[in-house]
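Visitor: I'd like to learn how to read features off a protein model. Can you walk me through this one?

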Amino acid sequence: MNYLTLDHLLKTTLRHFTLEDEVIQDLEANMDGGKLKLFQLLQAVIISKHTENRSIINFKVLELGFGIYKEKTNLSNEQIGEKIGRVGERVRNVLGDIDRDFNKIFSFLYDIPFADALQQDKWAALDFICLPENVCNKINEFNSTSFSQKFITRIMGVLMRNSHRFVGSNTDDRWKCGYLIEKKLYSFNYIRFIKDLRLKLGANPIRKIDTTWTFEDILSSYSEQRVQEQDDAIIQTLITIINQEFEYLMLDEHGIVIPRNAVKTIPEYIQEAFDHLGYDPRGHAVAEIYDFLVDSYPCQNWNKSSLGNLAAGSRAFEALGKKGAFVSKKWLDDGADIILGKIPEVALEILKREPMPLNIIELTEKMSRYRRDMDIKSVTSYINKKPGIAQNESFYGYEQNDQHTTFLKQLRSSKGSVANWKRFDGMPIPELYREMMDKGFPREQVDYMLEFKKADGQVQVFNDKLVYLSSSTGGSWGDTSSQGQTPIPPIKPQKDKTVLIDKLSSLDQTDGFRPATVRFEQFLLRSILFFGMRECNCAICGRTFPIGFLVAAHIHKRSHCTHAQRKDPNIVMPACAFGCDMLFEKGIICVDETGLVSVNTKKLMGIEVSKHLSLCLGRTCSHHNPQSQGYFGLHRAQHQYVPDSQSL
């Protein structure tokens, strides 16, 4: 093809435009092998502010309001009018004229021999063209221009007028991209369809549920001349445009899913909180729901009392006894293990499931799965003398279960006094059982009494022997003098107690604010450690607890950790809140090189600490592994670990 010279082009195609000599020289200097750079020429024509048939008032209208350039200014029509000396309505009309008559305004491009690639089969054979941003950036880089993606696409639509047409809008900022669609598919009114889709996604009419706008309805409504063979191609074109213009919309095999737009009701917000918090047989307290909603929707005013009342009045939730906690009806419909009712009803349901009666310790532990804040004292007060529950001493059973009633009848009180457990100090556990059972105690009752005394802090088991813990001595294992340990003297108070009482009573206010440092990683470490669990074993003592009673304890002191160590999931282990966490943090308990839990004699303390140590000593720490052993070594070094020969 013989390309026209710039001089000839100015005398023919561009004869209506008068370019300054400086601009012409710049165009000549930047020609590529004798070819003009179209977009550079186009920019020169626009910047020169020349008009064709009075279609363009001023270059500033294009620059400020039409979106020719990437950095389009967000000015209203009135603001643009002020800058160019026109009223806002005139600017609006001009922008509409440009958008509608774009091909006519830029028809002079038809005669410019440019970019043969546009006429090649690889472009002409495509039904749908969307110029990606990186292609437009390369065009701008080659031409030393900065036109927007939509503008470049529209200019290409002018040049490909015989095969494709432009779909989109430069004046409507809601159009993210411009598209070139093959003319045979243009029997479908894409512009009107997108406009109506935006109306459907608006606030009206109110949709309380998601609805589907089917492809069949869409094709019937917006096809000016329905050609069945083109339907699939049109649908694929629509899907591509929708995915780019409406990223949040869902599509299925039937059509476009139009999401609900009705305002959520309070019960729906509560259900969202339940879905987020997840299944828990103990339900979720109103305070938990309130905290989630405050965090998720901080701009709304939430009230705990109102949330509780609305949850109680909704069919979607069931109260667990009092109105303090609720479960979702969905959980019940799915067959989840949930016990409704008050505390005695929970205890009765648990006893119905058991083959034998339960002592108060076991019953309390099982009830903790279904209700929060359960302890022996409160459970005892709730269930004593309740209908359906049989009791003898501290064992409870179901009145209509023959095995339960038989066991409770056979349960006898002691034939000899065992009030003074000090006389059992040092006795092997098998011998203790033998003596107690000889006195007429059933084995189950001996089990219970031993557990009760341990829970009460009166005795402990160490090396398979009973250790009597006397509150009058200050040693480690009972009689400390017999083990060569020096009793720990009581700590002298630093102040007189009355001084503290006076200071407390003289406080003008009890609330205040202090700046606090937030551990951003702690929530993630805990979530990883207890992922998918409701219960977990303490890494030190090995006992199983609900995760609410376990701490994600740092093996190496957090304040001494590097940034990378703080983000290492191996830096934490599960430690129970019943002693292990504090003992490990203070360095009283350490984990040696082999993974065994050992006493640090450098930190060994008195009797109250000793009550817990027998549960831990000699156990293998469940979280000692090649990834964490270095952190345990740092912990030993920090606390100047000296092993206890008796614990090795």
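Visitor: Let's start with one side chain: does lysine 264 count as buried, partly exposed or exposed, and at what relative accessibility?

Guide: This is a predicted model, so keep in mind that we're reading a prediction. Lysine 264 counts as partly exposed, at 33% relative accessibility.

Visitor: Which residue does lysine 264 pair with in a salt bridge?

Guide: The general idea goes like this: side chains of opposite charge can pair when their charged atoms come close. Here, the partner of lysine 264 is glutamate 272, and their closest N and O atoms are 2.6 Å apart. Glutamate 272 is partly exposed too, with a relative accessible area of 23%.

Visitor: How many salt bridges does the structure hold?

Guide: There are 22 salt bridges in the structure. One of them joins glutamate 89 and arginine 92, with 2.4 Å between the closest N and O atoms.

Visitor: Where do glutamate 89 and arginine 92 lie?

Guide: Both are in helix H6, which covers residues 88–100. They're 3 residues apart, about one turn of the helix. As for cover, glutamate 89 is partly exposed at 45% relative accessible area, and arginine 92 is partly exposed at 36%.

Visitor: What about arginine 558 and glutamate 521: how do their side chains meet?

Guide: They meet in a salt bridge, at 2.6 Å from N to O. This pair links distant parts of the chain, 37 residues apart. Arginine 558 sits in the loop between strand E17 (550–554) and helix H26 (563–566), while glutamate 521 sits in the loop between helix H24 (497–505) and H25.

Visitor: Is arginine 558 buried or exposed?

Guide: Arginine 558 is buried, with a relative accessible area of 15%. Glutamate 521 is buried as well, at 13%. Both get that label because buried means under 20% relative accessible area.

Visitor: Which residues are linked in a network of salt bridges?

Guide: Look for Asp280, Arg282, Glu288 and Arg372, which are linked in such a network.

Visitor: On to cysteines. How many disulfides does a search of the whole structure find?

Guide: First the chemistry: a disulfide is a covalent bond between the sulfur atoms of two cysteines. In this model, the search turns up 0 of them. Cysteine 580 is a good case to look at: its nearest cysteine sulfur belongs to cysteine 576, 3.6 Å away, and cysteine 580 is in no disulfide. The cut-off for calling a disulfide is 2.5 Å between the sulfur atoms. Cysteine 580 also counts as buried, at 1% relative accessibility.

Visitor: Why is cysteine 621 not bonded to the closest cysteine sulfur?

Guide: Because that sulfur, in cysteine 538, is 8.4 Å from the sulfur of cysteine 621, too far for a bond. Cysteine 621 counts as buried, with 2% relative accessibility.

Visitor: Now the surface. Which residues gather in a patch of negative charge?

Guide: When you look for a patch, look for residues that gather on the surface. Here Glu20, Asp21, Glu22 and Asp26 make up the negative one. Glutamate 20 lies in the loop between helix H1 (6–11) and helix H2 (21–29), and glutamate 20 is exposed at 55% relative accessible area.

Visitor: And which residues form a nonpolar patch on the surface?

Guide: That's Phe523, Leu524 and Ile528, with about 360 Å² of accessible area together. Isoleucine 528 lies in helix H25, residues 522–529. Its label is exposed, with a relative accessible area of 54%.

Visitor: Last topic, the backbone. What is phi of serine 144 near?

Guide: With phi, check the sign and then whether the residue is a glycine. Phi of serine 144 is near 55°, a positive value in a residue other than glycine. Serine 144 lies in the loop between helix H9 (133–143) and helix H10 (149–159), and serine 144 is exposed at 52% relative accessible area.

Visitor: What is the phi of glutamine 640?

Guide: It's positive, about 50°, although glutamine 640 is not a glycine. Glutamine 640 lies in the segment after H29 and counts as exposed at 51% relative accessibility.

Visitor: How far apart are proline 643 and threonine 601 in sequence and in space?

Guide: They're 42 residues apart in sequence, but 6.1 Å apart in space, C-alpha to C-alpha. Proline 643 is found in the segment after helix H29 (629–638), and proline 643 is partly exposed, with a relative accessible area of 37%.

Conventions:
Residues are numbered from 1 along each chain as its sequence is written. This is a predicted model: local features need pLDDT of at least 70, side-chain atom pairs count only at pLDDT 80 or more; totals for chains, interfaces and linings use all residues. Side-chain values use heavy atoms; hydrogens and water are left out. Patches are made of residues with over 30% relative accessible area and no salt bridge: like charges are joined within 9 Å, nonpolar side chains (Val, Leu, Ile, Met, Phe, Trp, Tyr) within 5 Å. Accessible areas come from the Shrake-Rupley method with a 1.4 Å probe; for residues, only the protein chains shown count as cover. A salt bridge is a side-chain nitrogen of Lys or Arg within 4 Å of a carboxyl oxygen of Asp or Glu. Lys and Arg count as positive and Asp and Glu as negative; His and the chain ends are not counted. The place of a charge is taken as NZ of Lys, CZ of Arg, CG of Asp or CD of Glu. Helices (H or I, at least four residues) and strands (E, at least two) are DSSP runs, numbered from the N terminus. Buried means under 20% relative accessible area, exposed over 50%, partly exposed in between (1.4 Å probe, protein chains only).
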